[in-house]
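The following exercises invite the reader to examine a protein structure step by step. Each task is followed by a worked solution.

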Amino acid sequence: MRKTQWQGWGPGEQAEQHYLVEPRTLAGGGDIRHVSEFLRASGWQDKSKKGGPLVMESPDRAVRLSYDPYTQPGGWTIRGSAQGNQAEWWAVIGRQAPVEIVAGLTDALTRSRSAHAPNVWAPLQEQHWHTQFEGRNYTAASPDGTAWMRFRQDGDGNALWWSGARDERGNGWTAQFASTTPMHLLQAFSTALASPEPVMRPRGRVPHSTKIRTTSVSVLPSQLGAWQQARIAAARAATWARNSVRSPRPRTTPRPHAGAGAFRARR
């Protein structure tokens, strides 16, 4: 385990010990606000009931996300309704899946689709994952063998995407996706899955496994807050930009009878 000390500490702040964990696939669940706060900043509505699981809904009500830690096996469920040529779809991701990987998919829900055709396997191949064809089935496994992404299709044409990670003790998580899950979302998920970037976890929240490597870092609360706010600010800026494009051009002349008092009332 390596140890690193961040510079630029402010007066009166006490640094906290965290760990950079790699591979990220085995880092454990993490703080679900990494997902939920980004969606909230992107205009999603929180539909959660007091004391219940997290439930959020997209601005167009086409997609609903939930996170339930109270039931077994619990975890993330994302459902998209049928729209136009897009059939109804779903994704179910275990609660020990790192939030940074879950966010690969959920962040993509807030963005417009790229004009380029999506390729689920390209991000995995770029990170030197081992790929293998087995008839109608396709498998990609991480270089250390702890994580995978699979596509399975039976003789009747029924298809399923499956992913996950396991350490030497069998601890880990799985994710399943409907065959109708939009391909650009699957590519966003596989990109986050294969990313070589470590993820940060606080002391006491690092899984015990011989398959992970950790780097100890001392981090100020203000630094953590700044990183979180930067992510939220980026979501708000992107949402504002999208809404500005969709909105009609602003008036260049004042409304009749719109005096200063009326302006103050609408502020």
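The exercises below concern a predicted model and treat its overall make-up, its strands, its buried elements and its pockets.

**Exercise 1. Overall make-up**

Determine how many helices and strands the protein chain has, and what percentage of its residues count as buried.

*Solution.* Step 1: the secondary structure consists of six helices and 14 strands. Step 2: the protein chain has 267 residues, and 39% of them count as buried. Step 3: the contacts may then be considered; among those between residues at least 6 apart in sequence, 57% join residues at least 24 apart.

**Exercise 2. The open sheet**

State the order of the strands in the open sheet and identify the edge strands.

*Solution.* Step 1: the open sheet is formed by 10 strands with antiparallel pairing, in the order S3-S4-S5-S6-S7-S12-S11-S10-S9-S8. Step 2: its edge strands are S3 (45-46) and S8 (130-134), each of which pairs on one side only. Step 3: within the sheet, S9 (residues 137-141) and S10 (residues 147-153) run antiparallel and are joined by four bridges. Alanine 140 has methionine 149 of S10 as its bridge partner.

**Exercise 3. Strands S2 and S14**

Find how many bridges join S2 to S14, and which residue in S14 is the bridge partner of leucine 20.

*Solution.* Step 1: S2 and S14 run antiparallel, with seven bridges between them. Step 2: the partner of leucine 20 in S14 is threonine 215. Step 3: S14 spans residues 213-219 and is mostly covered, since six of its seven residues are buried.

**Exercise 4. Burial in two helices**

Explain why H2 is described as largely enclosed, and decide whether threonine 239 is buried or exposed.

*Solution.* Step 1: 10 of the 10 residues of H2 are buried, so H2 is largely enclosed by the rest of the structure. Among these buried residues are the charged Glu100 and Asp107. Step 2: threonine 239 belongs to helix H5. Its relative accessible area is 10%; buried means under 20%, and therefore threonine 239 is buried. Step 3: a polar atom of the threonine 239 side chain lies 2.8 Å from the backbone oxygen of alanine 235. Leaving aside residues up to four places away in sequence, threonine 239 touches Ala41 and Ser42.

**Exercise 5. The largest pocket**

Describe the volume and lining of the largest pocket, and name the element that gives the most to this lining.

*Solution.* Step 1: the largest pocket holds about 1,000 Å³ of space. Step 2: it is lined by 31 residues, of which Asp31, His34, Glu100, Met200 and Gln228 are the closest to its centre. Step 3: two or more lining residues come from each of S2 (16-22), H1 (33-41), H2 (99-108), S13 (199-202) and H5 (221-246). H5 gives the most, with six residues. Step 4: by character, the lining comprises 14 nonpolar, eight polar and nine charged residues.

**Exercise 6. The second largest pocket**

Carry out the corresponding description for the second largest pocket.

*Solution.* Step 1: about 610 Å³ of space lies in this pocket. Step 2: its lining has 26 residues, and Asp60, Val63, Leu109, Thr110 and Arg111 lie nearest the centre. Step 3: H4 (183-194) and H5 each supply at least two lining residues, and H5 provides the largest share, four residues. Step 4: the lining divides into nine nonpolar, 12 polar and five charged residues.

Notes. Residues are numbered from 1 along each chain as its sequence is written. This is a predicted model: local features need pLDDT of at least 70, side-chain atom pairs count only at pLDDT 80 or more; totals for chains, interfaces and linings use all residues. Side-chain values use heavy atoms; hydrogens and water are left out. On a 1 Å grid over the protein atoms alone, a cavity is a set of points where a 1.4 Å probe fits but cannot get out, and a pocket is an open set with protein on both sides within 12 Å along at least five of seven lines; lining residues have an atom within 4 Å of a point. Grid points are joined across faces, edges and corners, and a volume is the space filled by probe spheres set on the points. Buried means under 20% relative accessible area, exposed over 50%, partly exposed in between (1.4 Å probe, protein chains only). A polar contact is a pair of N or O atoms within 3.5 Å; within protein, one must be able to donate a hydrogen and the other to accept it, and residues adjacent in sequence count only if both atoms are side-chain atoms. Contact means heavy atoms within 4.5 Å. Two strands pair if DSSP finds at least two bridges between them.
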